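Subject: Model for your files

Dear colleague,

Here is the model I promised to pass on. My notes follow below it.

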Amino acid sequence: MTNNRYHCCATCINFRIERKESGDKRIYCKRLGFDTKSSYQFNCWDPKERVKKAMAKHS
């Protein structure tokens, strides 16, 4: 996959933030099932539709 400025977990369709009643939050990948950070990058990245549009606009 080509490196680009959009490639990070926060722009992936599988990125989730789960807020708990205690006020804590869990940031994780729904597909892989483990905690992540918004700036991490993995080869399984599948960008959200709005990110695909932005990438097409800037290419």
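First a definition: rings of Phe, Tyr and Trp (its six-membered ring) pair if their centres lie within 6.5 Å, with planes under 30 degrees apart called stacked, over 60 edge-to-face and the rest tilted. With that rule, the whole structure gives two aromatic pairs. One joins Phe 34 to Phe 42, edge-to-face, at 5.8 Å centre to centre and 75 degrees between the planes. The other is between Tyr 40 and Phe 42; this pair is edge-to-face too, because the planes stand at 75 degrees, with the centres 6.4 Å apart. Phe 34, Tyr 40 and Phe 42 are thus a cluster linked by ring pairs.

Before the rest, the basis. This is a predicted model, in which local features need pLDDT of at least 70 and side-chain atom pairs count only at pLDDT 80 or more, while totals for chains, interfaces and linings use all residues. Residues are numbered from 1 along each chain as its sequence is written, and side-chain values use heavy atoms, with hydrogens and water left out.

On accessibility, buried means under 20% relative accessible area, exposed over 50% and partly exposed in between (1.4 Å probe, protein chains only). Phe 34 is partly exposed at 37%, Tyr 40 is partly exposed at 37%, and Phe 42 is partly exposed at 28%.

The search for cavities (sets of points on a 1 Å grid over the protein atoms alone where a 1.4 Å probe fits but cannot get out) found one of 30 Å³ or more. The volume of the largest cavity, taken as the space filled by probe spheres set on the points, is about 90 Å³. Its lining (residues with an atom within 4 Å of a point) includes Cys 8, Asn 14, Tyr 28, Phe 42 and Trp 45. By class, the lining has nine nonpolar residues, two polar and no charged.

Asn 14 lies in the segment before E1 and is buried, at 16%. Leaving out residues up to four places away in sequence, Asn 14 is in contact (heavy atoms within 4.5 Å) with Tyr 28, Cys 29, Lys 30 and Arg 31.

Thr 11 is in the segment before strand E1 (15–19), strands being DSSP runs of E of at least two residues, numbered from the N terminus. Thr 11 is buried, at 11%. With the same sequence neighbours left out, Thr 11 touches Tyr 6, Trp 45, Asp 46, Pro 47, Lys 48 and Val 51. Its side chain also makes a polar contact (N or O atoms within 3.5 Å, one able to donate a hydrogen and the other to accept it) with the side chain of Trp 45, at 3.0 Å.

Regards

Notes:
Helix = DSSP H or I, 4+ residues; strand = E, 2+ residues; numbered from the N terminus. 1 Å grid on protein atoms, 1.4 Å probe; cavity = no way out; pocket = protein on both sides within 12 Å on 5 of 7 lines; lining within 4 Å. Nonpolar A, V, L, I, M, F, W, Y, C, P; charged D, E, K, R; others polar.
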